[in-house]
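User: Hi, could you walk me through this protein? I'd like to go from the surface to the charged pairs.

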Amino acid sequence: MASGKQSKQSLLTVLVAFGANIVVALAKTAAAVITGSASMVAEAAHSWADSGNEVFLLQAERRAARPSDDLHPSGYGREAYVWSLFAAVGLFTAGAVVSILHGLSQLGTGEPNSDYLINYLVLAIAFVFESVSFLQSFRQARSKAAERDTGTLEHVLSTSNPTLRAVFAEDAAALIGLVVAFLGVLLHELTGNAVYDAAGSILVGILLAVVAFVLIDRNRRFLLGEPAPDRVQQAALATLLQHPEVDRVTYLHLEYVGPERVFLVAAVDLVGDDKESDVADDLYAVAEALERNEHVAEAVLTLSRRGAPSLVPREADTQELR
């Protein structure tokens, strides 16, 4: 499983998002009922979808944290991607589809004037709460990105932590959606034409659909078996070569089996010319040493075939495996 600090930070991010979404969803629902605004209906559907998704993400954190056993020697980390996939599908069906269909149904209906002040107040309150949630996920993403010397957005898209990606994406979409809804309500008030409010609902739905498809695709990739990036491959290679029993490495494959947890397979040449029983013990000892790293769920080592070319780290100061 992921480190305790990482797991607690992800859990806090999800809980902050869940609390913010519940408060915002109630406020938006009340405003939608009072004013009849199509944009507010879309925003209410968005927030309720996000609230439901946080339940899936909490389940993802809990289920993925279970320790490995005989049936699952690599642990249960992939459950995080299963439940995060459910959350992404929920965002599409309960958020995007409802918003788009409601907006289409309101086109040309001659929606009466709404109490615009209520809409503006609720949108402002929602923006504050969503900003708090977004800042929590942004801080976590920026911290991890700094550790890996990469951009925050790049880390969010590539990270093996699906709950961080989901909360970050949903909160960012929520803030953009609030701006779109505000413009829809404002143009409705200024022109008296309800088509702008309906268009706001449709645009919010399209935004949610795009975010949902990105999240669905990322979780699909990790469920199929996402290989670790070159940075992690290089760190693992350096770690192997630092072991006193390992002379060279000819094959190395790392695949994510959970948030920041990899399954490692390698072919190595060992130092010396020990007999077969001793070689087996040496391979087991190296694999056991690798598995003491919290980011290695399981390591499987075999001997290199004769004449196989060696893998050589490209950087002399390769980062530690994480």
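**Surface patch and salt bridges**

Analyst: Sure, and keep in mind that this is a predicted model. Let's start on the surface: Val-97, Leu-101, Leu-104, Leu-107, Phe-127, Val-179, Phe-182, Leu-183, Leu-187, Leu-190, Val-195 and Tyr-196 make up a nonpolar patch, and together they have about 1,000 Å² of accessible area. Helices H3 (79–106), H6 (162–191) and H7 (195–225) are the elements that each give two or more residues to the patch.

User: Which helix gives the most to the nonpolar patch?

Analyst: The candidates with two or more residues in the patch are helices H3, H6 and H7. The top contributor gives five residues, and that helix is H6.

User: Is Val-97 buried, partly exposed or exposed?

Analyst: Val-97 sits in helix H3. Buried would need under 20% relative accessible area and exposed over 50%. Val-97 comes in at 30%, so the label is partly exposed.

User: On to charges. How far apart are the closest N and O atoms of Lys-28 and Glu-43?

Analyst: This pair links distant parts of the chain, with Lys-28 in helix H1 (residues 4–35) and Glu-43 in helix H2 (residues 38–64), 15 residues apart. Lys-28 is buried, with a relative accessible area of 0%, and Glu-43 counts as buried at 0% too. The two form a salt bridge, and their closest N and O atoms are separated by 2.6 Å.

User: How many residues apart in sequence are the parts that Glu-255 and Arg-78 tie together?

Analyst: Glu-255 and Arg-78 form a salt bridge, with 2.7 Å between the closest N and O atoms. Glu-255 belongs to strand E1 (residues 246–258), while Arg-78 is in the loop between H2 and H3, so the bridge ties together parts whose separation in sequence is 177 residues.

User: Which residues are linked in a network of salt bridges with Arg-148?

Analyst: One pair to look at is Arg-148 and Glu-147, a salt bridge with the closest N and O atoms 3.4 Å apart. Arg-148 counts as buried at 11% relative accessibility, whereas Glu-147 is partly exposed at 33%. The network links Arg-148 with Lys-144, Glu-147 and Glu-260.

User: Zooming out, what pattern do the helices and strands follow along the sequence?

Analyst: The protein has nine helices and three strands. Write α for a helix and β for a strand, and reading along the sequence gives α-α-α-α-α-α-α-α-β-β-α-β.

How values were computed. Residues are numbered from 1 along each chain as its sequence is written. This is a predicted model: local features need pLDDT of at least 70, side-chain atom pairs count only at pLDDT 80 or more; totals for chains, interfaces and linings use all residues. Side-chain values use heavy atoms; hydrogens and water are left out. Helices (H or I, at least four residues) and strands (E, at least two) are DSSP runs, numbered from the N terminus. Patches are made of residues with over 30% relative accessible area and no salt bridge: like charges are joined within 9 Å, nonpolar side chains (Val, Leu, Ile, Met, Phe, Trp, Tyr) within 5 Å. Accessible areas come from the Shrake-Rupley method with a 1.4 Å probe; for residues, only the protein chains shown count as cover. A salt bridge is a side-chain nitrogen of Lys or Arg within 4 Å of a carboxyl oxygen of Asp or Glu. Buried means under 20% relative accessible area, exposed over 50%, partly exposed in between (1.4 Å probe, protein chains only).
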